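Here are some exercises to work through with the model open beside you. Try each task before reading its solution.

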Amino acid sequence: MSARRTLIAGNWKMNGLTAEAKALAGGLAEKMNAVGDVDFEMLICPPAILIPVVAAVVQGSNIKLGGQDNHANAAGAHTGDTSTAMLKDAGCTYAIVGHSERRTDHGETDQVVNDKAAAAHANGLIAVICIGETEAQRDAGKTLDVNGRQIAGSVPDGSTAENTVIAYEPVWAIGTGRTPTSQEVQDVHAFIRGELAKKIGDNEAAKTRILYGGSMNPKNAKELLALPDVDGGLIGGASLKVDDFWTVAQNA
Ligand code: PGA
């Protein structure tokens, strides 16, 4: 048994209004409360504007809350952005940074992601740093190169197993219903752990959770979560329905 506690993380992306967010969070809190102690950790990451609504609903359950992004600066003239202090103030203990949709939609580079993760750390948040290759990079045989470069560039100094989670999300697997084979996932995760060790040392890398993301669902979760270097999932589509997300979590 690995000492790494499985993390089942839901990334709601830009989905849901108040009523749906309350129903989804409420349904999950009910399930978590009914089972009592579990040996996995559940995290949900609602759209920023819904975090306070969701925080009120999950209060008293052991569901953790996270932001989907944060600014690298502490405060100031950054119209539309959210600081790590704001996330923390609203009840978050985690923040996703460097999701491929942020990298694509907002031109976030490894350096930007690195700065955002460092800001999360500085405010006591656990950074979930996302990496992953595109389909073209994969077809060109560059999967390991790309993920190695993203680990080197996106993981800030001062990262530890306590304040950092890595999410490997092949871009071509996100929202497509396609996934790499289990062997491919395990191979990339093991590689990532090795690259992480170069940055933070063998000991910390061995304790750091590496999540798989990209079309994880109730059908494939069991096999993916059983892989030795897969320590949980970052789940988009299947995190938007109580039963689907709960079924994924049951496989943790
Ligand atoms: P998906 O999204 O589960 O819908 O593929 C995962 C993610 O982008 O985090």
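A polar contact is a pair of N or O atoms within 3.5 Å; within protein, one must be able to donate a hydrogen and the other to accept it, and residues adjacent in sequence count only if both atoms are side-chain atoms. Before starting, note that this is a predicted model, where local features need pLDDT of at least 70, side-chain atom pairs count only at pLDDT 80 or more, and totals for chains, interfaces and linings use all residues. Residues are numbered from 1 along each chain as its sequence is written, and side-chain values use heavy atoms, with hydrogens and water left out.

**Exercise 1. The ligand**

Task: Find which residues are closest to the ligand, and work out how much of the ligand the protein buries.

Solution:
- Start with the shell: 13 residues surround the ligand (a heavy atom within 4 Å of it). The closest are Lys13, His99, Glu169, Gly175 and Ser215.
- Sort the shell by type, counting Ala, Val, Leu, Ile, Met, Phe, Trp, Tyr, Cys and Pro as nonpolar, Asp, Glu, Lys and Arg as charged, and the others, Gly among them, as polar. You get four nonpolar, seven polar and two charged residues.
- Now look at the ligand's oxygen atoms. A polar side-chain atom of Glu169 sits 2.7 Å from one, and a side-chain N or O atom of His99 is 2.7 Å from a ligand oxygen. Gly237 joins in with its backbone, an N or O atom there being 2.8 Å from an oxygen of the ligand.
- Finish with the area: the ligand alone exposes 280 Å², and the protein buries 95% of that (Shrake-Rupley method, 1.4 Å probe).

**Exercise 2. Salt bridges**

Task: Take the pairs Arg4 with Asp229, Lys64 with Glu41 and Lys198 with Glu195, and say where the partners sit in the chain.

Solution:
- First, the idea: side chains of opposite charge can pair when their charged atoms come close. A salt bridge here is a side-chain nitrogen of Lys or Arg within 4 Å of a carboxyl oxygen of Asp or Glu, and the structure holds 16 of them.
- Arg4 and Asp229 meet at 3.9 Å, N to O. Arg4 is in the segment before β1 (6-11) and Asp229 in the loop between α10 (221-225) and β8 (232-235), so this bridge ties together parts 225 residues apart in sequence. Helices (H or I, at least four residues) and strands (E, at least two) are DSSP runs, numbered from the N terminus.
- Check burial next (buried: under 20% relative accessible area; exposed: over 50%; partly exposed: in between; 1.4 Å probe, protein chains only). Arg4 is buried at 15%, and Asp229 is buried at 13%.
- Lys64 and Glu41 have their closest N and O atoms 2.8 Å apart. Lys64 belongs to β3 (63-67) and Glu41 to β2 (40-45), 23 residues apart. Lys64 is partly exposed at 28%, whereas Glu41 is buried at 9%.
- For Lys198 and Glu195 the closest N and O atoms are 2.8 Å apart. Both are in helix α8 (182-200), three residues apart, so about one helical turn separates them. Lys198 is exposed at 65%, while Glu195 is buried at 17%.
- One last step: salt bridges with shared partners join Arg4, Arg193, Asp229 and Asp231 into one network.

**Exercise 3. Arg209**

Task: Is Arg209 buried or exposed, and which residues does it touch?

Solution:
- Place Arg209 in strand β7 (209-213). At 10% relative accessibility, Arg209 is buried.
- Leaving out residues up to four places away in sequence, Arg209 touches Arg4, Arg5, Leu7, Glu41, Tyr94, Val165, Ile166 and Asp231 (heavy atoms within 4.5 Å).
- With Tyr94, Arg209 makes a side-chain to side-chain polar contact of 3.0 Å.
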